[in-house]
Amino acid sequence: MSPSSAPCGRSGSRPAAGLSRGPAAGVTRGPARWPAGGQTQGHTGGLARGLASGLAGGLADPGRAELFSLALRYGPVTRGQLAEWTGLDASTVTRSLRPLIDDDYLRETGRPSASDQPVTRPAVAGRGRPVQVLSVNPGRHVALGVKVGPTAVSAVLTDLAATVIGRHTVPLASTEPSVALAAVCGAVDELLLAAGCDRADVLGVGVGLSGDIDPGSGACRLSAILGWRDVPVREPLAATLDLPVVVENDANTLALAEHWFGRGRGVRTLAVVTLGIGIGCGLVLGDRLHTGVRGIAGEFGHLPLDPNGRVCTCGARGCLEALAGDDAICAVSGCESVAEAMRVAAGQGAAAERARSAFRGAGDALGRGFAGLCNLVDPELVIIAGESSAAFGLMEPAARESLAVHGFSGIASEVRIEVDAGQEDLWTRGAASVAIRAGVGHL
Ligand SMILES: [Zn+2]
């Protein structure tokens, strides 16, 4: 297959039976970046059996899956680096990798160069004679990432490196679960059809939504934004799409995307904080996404900060989200939106001062939240993302001041706080990342 041909080298994908489809309009293509290759022999049918065992091919072995996920996250890599990182001896690594090379998951791409050195994993000293480096073939499979929001279902088709190949958005007339899930199926079918992908090419479908997700059943226990309570998500989608489906809280999907493919590559402990109507947080602790026993870890927005503060959407008083979320900024500034408050804050006069005061107040609360977060988990990096992340600059001085006051033992000066201002594909790429993680058998 040449790089200019359709990504999956096939024409037409079988629409799944069951739920009705959403509108077909709105497909746009991402960058035309698709490596040659992508054979799928021997993999038909296996993926639909579920994600627990990883890919139907060579990744079913947990040790091999770990090696592959390291190559995916930190590649190009050498066999020596993989041996050092995993503690396996070199001959075991070589033997384990052989099926992945034979099956075109990994390619030998020449000798290491300066630009090939992973910048992320713990440094590995020079290991003597020049050796071949290994790179993942990102076109070996595709993944889908879907974000279910209150007004639309957005979806992307990506390669194994979470690089976006296609996008599709379906507006939602209502958040009724049957309507939203049908839109998810419609978006998935449309993307596969437009890219010429067969279901056998698909590693899995990741679905991200704001709410409390049961990690066992993939059901949504509660989503205030969608108005859902105890809504099965994974099972009906998997049955209708005939594909593996993984459902995850949307902030967790972002944390995973940053950790595997973004600013957090190689950072073992980090937090991604999302600013917007809600304030979310995904945690990576010790190189693993931390979701907690019930799947609700990282409910940063509901840290109780002020017993006399505004009432939160959760019903409690003075949560961080009630003090620093969009509604709080709008209420204090008297503006209709955070974007308007930003414009007003840049001006002069009483309205501008009121808007700046709103951002200072939100920043102060955010800084106390950061202090709680840092004192508890001691992250190396905090990434700010989400719809209102562009306003963080107006909150940052107060946030840093408050973090300095409440952060323990100098942590305020050591933790890195960075803004990921990228908005396009933010959530959908995150959702695709959880499908990729599950599909390669990484725990
Ligand atoms: Zn709350």
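## A zinc site and its surrounding strands

Counted along the sequence, the residues that donate to the zinc ion follow the spacing H-x9-C-x1-C-x4-C. In this predicted model, the protein donors are the ND1 atom of His302 and the SG atoms of Cys312, Cys314 and Cys319, which lie 2.0 to 2.3 Å from the zinc ion. The angles among the 4 donor atoms run from 104 to 123°, and the site is tetrahedral. Of the donor residues, Cys312 and Cys319 are buried.

The protein as a whole has 13 helices and 17 strands, and 54% of its 443 residues are buried. Where contacts link residues at least 6 apart in sequence, 68% of them join residues at least 24 apart.

One part of the structure that can be followed strand by strand is the run from strand 5 to strand 7. Strand 5 (residues 142–148) pairs with strand 6 in the antiparallel sense over 6 bridges, and the two form a hairpin with 3 residues between them; within this pairing, Gly145 stands opposite Val156 of strand 6. Strand 6 is in turn joined to strand 7 by 7 bridges, again in an antiparallel arrangement, and here Ala155 stands opposite His168 of strand 7. Strand 6 (residues 152–158) is largely enclosed by the rest of the structure, because 6 of its 7 residues are buried.

The hairpin of strand 6 and strand 7 has 5 residues between the strands, and Ala162 is located in this loop. Although Ala162 is not a glycine, its phi is positive, at about 65°. Ala162 has a relative accessible area of 0%, and it therefore counts as buried. Further along, strand 7 (residues 164–171) contains Arg167, whose side chain makes a polar contact of 2.7 Å with the side chain of Asp425. Arg167 has a relative accessible area of 16%, so this residue too is classed as buried, the cut-off being under 20%.

A positive phi at a residue that is not a glycine also occurs at Asp287, where the angle is about 75°. Asp287 belongs to the loop between strand 14 (280–285) and strand 15 (288–290), and because its relative accessibility is 8%, Asp287 is counted as buried.

Earlier in the sequence, 3 strands form an open sheet in the order 2-4-3, with antiparallel pairing. Strand 2 (77–78) and strand 3 (106–108) are the edge strands, each pairing on one side only. Between strand 3 and strand 4 (residues 133–136) the antiparallel pairing extends over 3 bridges, and Glu108 has Leu134 of strand 4 as its bridge partner. Helix 3 (residues 90–102) packs on this sheet, where it touches strand 3 and strand 4, and its direction makes about 95° with that of strand 3.

The approach to strand 2 holds a further backbone feature, since Pro76 lies in the loop between helix 1 (62–74) and strand 2. The peptide bond that joins Gly75 and Pro76 is cis, with omega at about 0°.

Terms used:
Residues are numbered from 1 along each chain as its sequence is written. This is a predicted model: local features need pLDDT of at least 70, side-chain atom pairs count only at pLDDT 80 or more; totals for chains, interfaces and linings use all residues. Side-chain values use heavy atoms; hydrogens and water are left out. Helices (H or I, at least four residues) and strands (E, at least two) are DSSP runs, numbered from the N terminus. Buried means under 20% relative accessible area, exposed over 50%, partly exposed in between (1.4 Å probe, protein chains only). A polar contact is a pair of N or O atoms within 3.5 Å; within protein, one must be able to donate a hydrogen and the other to accept it, and residues adjacent in sequence count only if both atoms are side-chain atoms. Donors are N, O and S atoms within 2.8 Å of the metal (3.2 Å for Na, K and Ca); water is not among the atoms, so sites may look incomplete. Four donors count as tetrahedral if all angles lie between 85 and 135 degrees; four count as square planar and six as octahedral if opposite donors are over 155 degrees apart and all others between 65 and 115; anything else is irregular. Two strands pair if DSSP finds at least two bridges between them. Contact means heavy atoms within 4.5 Å. Axes are lines fitted to C-alpha atoms, for helices over the stretch in contact, and angles run from 0 to 180 degrees between N-to-C directions.
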